[in-house]
Every structure is written in C-alpha cells, then in structure tokens.
Amino acid sequence: MDFLIQWSLFLLAAIILGFFLEKRTEKEQYLYLKFVFYACLGAVSFPVYDIQLPLGIILFLIVLHPKKNSRYKRYMALFGFLFFLLQLVLGPFDTITLREETQQMGQVTITDDSFEILMDHIDRRIGDDSLRLEQSQLLFDQGGNLRNATFELIAKTPTRFVRYEVSYQEVTGTLTYRPREEVLTRSLESYYQKLIDASTSFAMLKTLSIKQILHESKTPYVEMDLDGLYETFSLQDATVLLVDDQGDLIPYVNTGEDVLANAIRLTYFRSDGQSLQDKKILLYNYSFETSRRKGVVR
C-alpha cells in the first residue's frame, strides 16, 4: 500500500479514536490535538543501519510523563506504536501486489503493433512512477519476430527496493512476471538514482526504427541489450548512432566531446549462434559535455 495512503488512514483512525476517548476524559485544553500528537509520536521511527527503531514510543515511555489523562494518552501512543509494527509487517509486501504469473501474448513482431501491445502490458501490469529499468535484452530475427526478451526492473517503496524480472518466450508465446529480490532502501539508493525511468525507455523502444536496424543487419538474428545506467561515454573508436526523438538513427559525428547517455548495444548472430565482431552502440536520452571525463564502452 502506498506510504501516503497508509499515513492518511492512520491519521483518520487517530482522529476518530481521539474523538471517542475525549468523551471519557477530564477537561483539558487542546486535548483532542494532544491525542493526535501522541498517536503520531508512537508511530515515529528512526533508521539505524537499515533497522527501524521505535523512537517515538521510547521517548514517550522514558521522557514524557503526562499527569492529566495519562491513561488515555498512553492508549494513543500505543495505538501509534501498533501502526509502526504494522508498517514493519507490511513493508516487505508494499509493492509485491505482483505475484509470479504468466500472460498469453502469442507471436510478437517487433515491427508492428504487437510489440507496442507487449510493452503496454508490462507498463500496465507493474507500472509505477518509481519503476526504473536496470537492464533488458531482446533477440529478434530478420523478419522482425521477437524470439525472446527479458526486462529487469526496480521499483522503490518507502522502506525497500523490489527487483522484477519480466520475460517473453516465442516458443510458448507467454509473458512471465516474477518478483525476484527485495533490498533495503539504504543499500541501493545511489545506484537506483542513476537508472532511467522505465516509462522513458519503453517509449523509446516503441518509436525506435527497428526496420532500419533489420535492413542493415547481415545476419539472421540481432540481439539488443539495453543498459539502464546513465553513463559517460568516450566514443572515439566505436560505431555509434544516436536515436532522435522520432526513433530514427543518426550517425554520430565525433567532436571530441563526451556523451552522457543510455546505451543500446547491438550484437549480430549467425544461424549457428556465433556472433560477429561488428557491433553498434545506439545512444538515447543523451547530452554532450566537454569535460573529457573518461567513460567505458563495454
């Protein structure tokens, strides 16, 4: 459940509970607001090495000792503490509304609407504003038939990251969704911030001129590897094309500038499974700089 929704429901419940408890108490100024304050205090936590400590209830028990209506204020603090415990229980499941499941897609051709439908299915099924692309691999033949595809994605929640794997297999015509791993937020934050939004990458794939890639291919199969990291490239010795806003491929004229971009690497495979040495790099979501920082082309 979304973090803001959880807290909104908690505050609503605290207000309702405070309203009923107020009728049983001694007269006290601003008592209603104090009830809500103690409930919120009981729910407050503090992260220490990825462990959430119940700081609020500790402060209430050790530091705060209300003399008037103390029993009811303690009830409200304990109510907040129960909410804290509930968050610990729900934390591992806050984005895992997705269970492993399989969806029938049939044959997908990367040059027609069936590929866009595939991408839309993924976006709708695990669509999330926080969703980032970690990496992806697509294999298709010269006829444009998608043989297999794998998307590795990361979603962020208030307490953790969840990795997903989505795969398509031509043999079965199925799309499989699989939550793979949960990692505490603190462990992946800097890496996650360097990844591209999945929606941006999906939109690029739907407009990318695949026909141009197929037309220039000298082998029966082409593999397309997408890297979600936004990197700096020094491309003096690489065959590079830029993907423009319409999805067309533009030859890169090397001016000596470094390029900040997300990369698509094309590998060409013969029918016996051997790959050609000739490889191309397509860059999208790019910008240029003259800082001459060294990049790596893998």
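Glu170 is partly exposed, with a relative accessible area of 25%. It is a good place to enter this structure, which is a predicted model. Glu170 sits in the loop between E6 and strand E7 (174-184). From there the report moves through salt bridges, strands, cores and surface.

## Salt bridges

The model holds nine salt bridges. Side chains of opposite charge can pair when their charged atoms come close. One of the nine joins the side chains of Glu170 and Arg147, at 3.3 Å from N to O. Arg147 belongs to strand E5, so this pair ties together parts that lie 23 residues apart in sequence. Like Glu170, Arg147 is partly exposed, with a relative accessible area of 29%. The pair also belongs to a network: salt bridges that share partners link Asp141, Arg147 and Glu170.

Glu134 and Arg163 form another salt bridge, at 3.0 Å from N to O. Glu134 is in strand E4 and Arg163 is in strand E6, so parts 29 residues apart in sequence are tied together. Both Glu134 and Arg163 are buried.

A further salt bridge joins the side chains of Asp272 and Arg270, at 3.0 Å from N to O. Arg270 counts as partly exposed, at 38% relative accessibility.

The table sets out these three pairs.

| Acidic partner | Basic partner | N to O distance |
|---|---|---|
| Glu134 | Arg163 | 3.0 Å |
| Glu170 | Arg147 | 3.3 Å |
| Asp272 | Arg270 | 3.0 Å |

## Strands E4, E5 and E6

Strand E4 covers residues 132-141, and strand E5 covers residues 146-156. The two run antiparallel and are joined by eight bridges. Leu133 stands opposite Leu153 of E5. Four residues lie between the strands of this hairpin. Among them is Gly144, with a positive phi near 90°.

E5 also pairs with strand E6 (residues 160-169). This pairing is antiparallel too, and it runs over nine bridges. Here Ala149 has Tyr168 of E6 as its bridge partner. E5 thus pairs with E4 and with E6.

## Strands E10 and E11

Strand E10 spans residues 240-243, and both of its faces are covered. Val240 and Leu242 are buried on one side. Leu241 and Val243 are buried on the other.

E10 pairs with strand E11 (residues 249-251) in the antiparallel sense, over three bridges. Leu242 has Ile250 of E11 as its bridge partner. This hairpin has five residues between its strands, and Gly247 takes a positive phi near 90°.

## An unusual backbone angle

Most residues other than glycine have a negative phi. Asn285 is not a glycine, yet its phi is positive, at about 55°. Asn285 lies within strand E13 (residues 275-289). With a relative accessible area of 39%, Asn285 is partly exposed.

## Nonpolar cores

The largest nonpolar core has 42 residues. Within this core, Phe151, Leu153 and Met224 touch the most other members. E5 supplies the largest share of the core, five residues. A second, separate core has 15 residues, including Tyr38, Ala39, Ala43 and Ala77.

## A nonpolar patch on the surface

Nonpolar residues also appear on the surface. Val44, Phe46, Leu55, Ile58, Leu59, Leu61, Ile62 and Val63 make a patch of about 700 Å². Helix H3 (residues 55-62) gives the most to this nonpolar patch, with five residues. Leu59 is in helix H3. At 36% relative accessibility, Leu59 is partly exposed.

## Two serines

Is Ser114 buried or exposed? Ser114 is buried, because its relative accessible area is 18% and the cut-off for buried is under 20%. Ser114 is part of helix H5 (residues 113-125). The side chain of Ser114 makes a polar contact of 2.5 Å with the side chain of Asp112.

Ser271 is exposed, with a relative accessible area of 65%. This serine lies in the loop between strand E12 (258-269) and E13. Which distance separates Ser271 and Pro220 in space? Their C-alpha atoms are 6.2 Å apart, while 51 residues separate them in sequence.

Key
Residues are numbered from 1 along each chain as its sequence is written. This is a predicted model: local features need pLDDT of at least 70, side-chain atom pairs count only at pLDDT 80 or more; totals for chains, interfaces and linings use all residues. Side-chain values use heavy atoms; hydrogens and water are left out. Two strands pair if DSSP finds at least two bridges between them. Buried means under 20% relative accessible area, exposed over 50%, partly exposed in between (1.4 Å probe, protein chains only). A nonpolar core is a set of buried Ala, Val, Leu, Ile, Met, Phe, Trp, Tyr and Cys residues joined through side-chain atoms within 4.5 Å. Patches are made of residues with over 30% relative accessible area and no salt bridge: like charges are joined within 9 Å, nonpolar side chains (Val, Leu, Ile, Met, Phe, Trp, Tyr) within 5 Å. Accessible areas come from the Shrake-Rupley method with a 1.4 Å probe; for residues, only the protein chains shown count as cover. A salt bridge is a side-chain nitrogen of Lys or Arg within 4 Å of a carboxyl oxygen of Asp or Glu. A polar contact is a pair of N or O atoms within 3.5 Å; within protein, one must be able to donate a hydrogen and the other to accept it, and residues adjacent in sequence count only if both atoms are side-chain atoms.
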